[in-house]
Amino acid sequence: MPTFIKAVEAYQQGQRTLPREYYIAPEIYVEEMERIFFERWLCVGRAAELANSGDFVVRTVAAESLIVVRGQDGVVRAFYNVCRHRGTRLCEEARGRFSETIQCPYHAWTYTLDGALIGAPHMGDVAGFDKRDYPLHAAAVATWDGFLFLNLAREPEPLEQALAPLVGRFRRFNLATLRSARRIEYDVQANWKLVFQNFSECLHCPVIHPGLVKLTPYTSGENDLFEGPYLGGYMVITKEGGSLTLSGRACGAPVGELPAEDHNRVYFYSIFPNMLLSLHPDYVMFHTLWPQGPGRTTITCEWLFNPKSFEQAGFDPDDAVRFWDETNRQDWHICELAQAGIASRAYQPGPYSPREGISAAWDREFLRALGRAR
């Protein structure tokens, strides 16, 4: 996935790609999980997935499984998928709906949707046992513009503080009200950082994405976020009133009351550490990345539209979905080739060009997160 690459502001003369071990070493992967994925806010999908009380999704962060559920009081909470009795996984399904409680399949310890233990068979005769001492272990959860975020840190920074540079930035796109049309999951045999680095430049687009460069010049646009955990900007859509679709035409109603210039722009942002956000005039696409090891990443891609689009005769979200599914697969394939090459003992870090400035800025933020700032 590309983003605007005219990033002189983010370019530092002499910066090179990351050393080989950052893509293949198990010990660095473990450090990334501990210092980044277990400490930062992670996008886990859309709040609309949990529309009703009892609705839940299960998300996996490294080896940790979390249940995210909407309670009877309407509040969304997150709990470790671990029974307080003998540690059994409580839930095997990826999504679904609890009636009123969560029950362990092993010894039937039972919890309310707010995590309180209300049933513990045969524990009444245990001296000093008090169900109030054994609620489910909780994790922080919060929403931003219709997206759900999860944080496994003991004392997480408030989400609104963490996302302060983004607050209000995308208001015109009405993100909270958009409705999902499609979701596709990809299994990519490449390190998660390669996906971000690839997304952060379009220097590769003429070679990898011939269909894309017909719709948007790869040298067009401007960045507005070029340092820190949130990076990106816009590219220009060649055809007046067009979009990034197979047909080249808009395939849905405008997502919001957009200014004139936004009808011919597509915005691409990376939101550290696991979200890619792409804002088109007629739809929004987002990816969430889930590292599965040094050389494998699961990626979920979802397409969001104005609810009015679903009422239009002839509405065809596949015009956008099929375009990006093809483009995604082109990106994943080249990331897999990069992973294979970097794994070679012949690999050495190579120099970034000014047109790869956002990729270089992403690397700097990654190293800062590990306490190894360049």
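These are my notebook entries on a few things I looked up in this structure.

**Confidence**

I am working from a predicted model. I checked pLDDT before anything else. The protein chain has a mean pLDDT of 95. In that chain, 97% of the residues reach 70 or more. I marked residues 1-9, where pLDDT stays under 50. The model has 57 contacts beyond four places in sequence for that stretch.

**Cysteines**

I asked how many disulfides a search of the whole structure finds. The search gives one disulfide. Cys 202 and Cys 205 form it, and their sulfur atoms are 1.9 Å apart. A disulfide is a covalent bond between the sulfur atoms of two cysteines. I then looked up its handedness. The torsion about the S-S bond of Cys 202 and Cys 205 is about -110°, so this disulfide is left-handed.

Are the two partners buried or exposed? Cys 202 has a relative accessible area of 1%, so I list it as buried. Cys 205 is buried too, at 0%.

I went on to Cys 91. It is in no disulfide. Its nearest cysteine sulfur belongs to Cys 104 and is 11 Å away. The cut-off for a disulfide is 2.5 Å between sulfur atoms. Cys 91 is buried, with a relative accessible area of 6%.

Cys 301 is likewise in no disulfide. For Cys 301, the nearest cysteine sulfur is that of Cys 43, 12 Å away. Cys 301 is buried, and its relative accessible area is 0%.

**Nonpolar cores**

I looked for the largest nonpolar core and found 72 residues in it. Which residues have the most contacts inside this core? They are Leu 244, Tyr 283, Trp 303, Trp 324 and Phe 366. Helix α7 gives the largest share of the core, seven residues.

I followed Phe 366 outward, not counting residues up to four places away in sequence. Phe 366 touches Leu 18, Tyr 22, Ile 36, Trp 192 and Phe 272. Glu 32 and Lys 193 are also among the residues that Phe 366 touches.

Another core lies apart from the largest one. This other core has 27 residues, including Leu 258, Leu 279, Val 284 and Leu 304.

**Glu 31**

I found Glu 31 in helix α2, which covers residues 26-37. I asked whether Glu 31 is buried or exposed. With a relative accessible area of 18%, it counts as buried, because buried means under 20%. I left aside neighbours within four places in sequence and listed the contacts of Glu 31. They are Ile 36, Leu 370 and Arg 372. Ile 36 is also touched by Phe 366.

**Lys 308**

Where does Lys 308 lie? I placed it in the loop between β17 (296-305) and α7 (318-342). Lys 308 counts as exposed because its relative accessibility is 57%. I also checked its separation from Arg 179. The two are 129 residues apart in sequence. In space, C-alpha to C-alpha, Lys 308 and Arg 179 are 9.4 Å apart.

**A three-stranded sheet**

I traced an open sheet of three strands, in the order β6-β7-β8. The pairing is antiparallel. The edge strands are β6 (101-103) and β8 (117-119), and each pairs on one side only. The twist averages 35° from one strand to the next.

I looked at the pairing of β6 with β7 (residues 110-112). Three bridges join β6 and β7 in the antiparallel sense. Which residue in β7 is the bridge partner of Thr 101? I read off Thr 112.

Terms used. Residues are numbered from 1 along each chain as its sequence is written. This is a predicted model: local features need pLDDT of at least 70, side-chain atom pairs count only at pLDDT 80 or more; totals for chains, interfaces and linings use all residues. Side-chain values use heavy atoms; hydrogens and water are left out. Helices (H or I, at least four residues) and strands (E, at least two) are DSSP runs, numbered from the N terminus. Buried means under 20% relative accessible area, exposed over 50%, partly exposed in between (1.4 Å probe, protein chains only). A nonpolar core is a set of buried Ala, Val, Leu, Ile, Met, Phe, Trp, Tyr and Cys residues joined through side-chain atoms within 4.5 Å. Contact means heavy atoms within 4.5 Å. pLDDT is the predictor's confidence in each residue, from 0 to 100. Two strands pair if DSSP finds at least two bridges between them. Axes are lines fitted to C-alpha atoms, for helices over the stretch in contact, and angles run from 0 to 180 degrees between N-to-C directions.
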